[in-house]
Amino acid sequence: MPQDNSRADGARNWSLILNRYREPSGARSTTELAVTLLPLAALWIAMWLVLHLGYYWLALPLALPAAGFLVRLFMIQHDCGHGSFFRHRLVNDWVGRALGVLTLTPYDFWRRTHAAHHATSGNLDLRGMGDIDTLTVREYLALSRLGRLRYRLYRHPAIMFGIGPAYLFVIQHRLPVGLMRAGWVPWLSTMATNAAIALIVATLIFFIGVKAFLLVHLPIMLIAASAGVWLFYVQHQFEETSWSEAKSWTFHEAALHGSSHYDLPPLLRWFTANIGIHHVHHLCSRIPYYRLPRALRDHPELGAIGRLTLLQSLWCVRLVLWDEERKKLVSFRELAAT
């Protein structure tokens, strides 16, 4: 079924309007980097000091804000990958590579898979690169009983936001999964990141010991990983998102209506670097995250498109299948009822 041409044209026009917000500020970007990296380092050291004094129960609560800063650091790396954080590509790339060591994410490999995600988001015929695996109702019903069980396990919240994020950042990112045959660049990026991670971890363990390192860094990393996967999930897995077959898919339509506006409270908005304004980001990925709120203020009509509050987003966990007839995501329970 073809997309509504007026809606697609409207999305394309918004993309042109948003281009004027693309220019980054070197001073602002440097400040954003400093106010994220320095508090993260301070909280990490504070956790270790409190642990060293024997009060781990006081150190553990510090893992939550530290994880928030780590998530924010990943968002800066994300902007570098889009070439939007600094004016010059080399600066973006080398800052992104350095941050990738701290976020356990090989920058050049991730940048390539994330670009594929932007180029194919919402296209039913090009799923599988940088996405949450999502089946249509028809595909799910065609699976064997074992296949359905596997998909249900994959989409279970305990797997999706618990075991899955830890596996993704600790294990899967150690190999260029998805680009194993794509040449030497993904391998170089991944192995160089692994080597730098190993060097930093070995140095920290040498000075503070294995136990202290794990007790400090593991909770920070696990919380940040789960939060990051949750953010990525809710940005596209909401009821009225947009998916279509390649013959009727358009980039601008999928960007504006297939990405949510996750309207978080101000503090969470800051820690997540405005990534909740995801529909605007997908329409124009070259906008630095600190300019996204300005785009919404200047064009408030964008704020209502795909809007999700924090409370509303919790219900998105149950949405697991794309219903091609009703053009929306549905739950297993809804499928059983129909």
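How many helices and strands does the secondary structure of the protein come to?

1. The overall fold first. This is a predicted model, and its secondary structure comes to 17 helices and 5 strands. The radius of gyration is 21 Å against the 20 Å that the globule rule gives for 338 residues, so the protein is as compact as a globular protein of that length. Along the principal axes, the C-alpha atoms fill a box of roughly 65 × 50 × 45 Å.

2. On burial and contacts: 49% of the 338 residues are buried. If you take the contacts with a separation of 6 or more, 71% of them link residues that sit 24 or more positions apart.

3. Now the inside. The largest nonpolar core has 69 residues, and the members that touch the most others are Leu18, Ile220, Val280 and Leu302. Helix 11, residues 210-234, gives the most to this core, with 12 residues. There is also a second, separate core of 8 residues, with Tyr140, Leu321, Val330 and Leu335 among them.

4. Val280 is a handy residue to click on in the viewer. Leaving out residues up to four places away in sequence, Val280 touches Leu18, Ile287, Leu292, Ala295, Leu296 and Leu302. Two of the names in that list, Leu18 and Leu302, also turn up with Val280 among the residues that touch the most other core members.

5. On to the pockets. The largest one holds about 1,100 Å³ of space. Its lining counts 42 residues, and Asp131, Leu168, His173, Val229 and Phe232 are the closest to the centre. Two or more lining residues come from each of helix 4 (63-81), helix 6 (107-120), helix 9 (157-171) and helix 11. Helix 11 gives the most here, with 8 residues. By class, the lining splits into 25 nonpolar, 15 polar and 2 charged residues.

6. The second largest pocket has about 640 Å³ of space. Of the 22 residues lining this pocket, Trp44, Ile200, Leu204, Phe213 and His217 lie nearest its centre. The elements that give two or more residues to the lining are helix 2 (26-52), helix 5 (89-102), helix 10 (184-208) and helix 11. Helix 2 supplies the largest share, 6 residues. As for chemistry, the lining has 20 nonpolar residues, 1 polar and 1 charged.

7. What about closed spaces? Rolling a probe the size of a water molecule over the atoms shows where empty space is left. In this model there are 2 cavities of 30 Å³ or more. The largest has a volume of about 110 Å³. It is lined by 14 residues, and those closest to the centre are Ser121, Asp131, His236, Gln237 and Trp243. Its lining has 5 nonpolar, 8 polar and 1 charged residues. Asp131 deserves a second look: besides being listed here, Asp131 is one of the residues closest to the centre of the largest pocket.

8. The second largest cavity comes to about 30 Å³. Lining it are Met75, His78, Asp79, Ala273, Ile275, His281, Tyr289 and Leu292. Helix 4 contributes the most, with 3 residues, and the split by class is 5 nonpolar, 2 polar and 1 charged. Leu292 links back to the core, as Leu292 is one of the residues that Val280 touches.

Conventions:
Residues numbered from 1 in each chain as written. Predicted model: local features only at pLDDT ≥ 70, side-chain atom pairs only at ≥ 80, totals over all residues. Heavy atoms only, no water. Core = buried A, V, L, I, M, F, W, Y, C linked by side-chain atoms within 4.5 Å. Buried < 20%, exposed > 50% of the residue type's maximum accessible area, 1.4 Å probe, protein only. Helix = DSSP H or I, 4+ residues; strand = E, 2+ residues; numbered from the N terminus. Contact = heavy atoms within 4.5 Å. 1 Å grid on protein atoms, 1.4 Å probe; cavity = no way out; pocket = protein on both sides within 12 Å on 5 of 7 lines; lining within 4 Å. Points joined across faces, edges and corners; volume = space filled by probe spheres on them. Nonpolar A, V, L, I, M, F, W, Y, C, P; charged D, E, K, R; others polar. Rg over C-alpha atoms; globule rule 2.2 N^0.38 Å.
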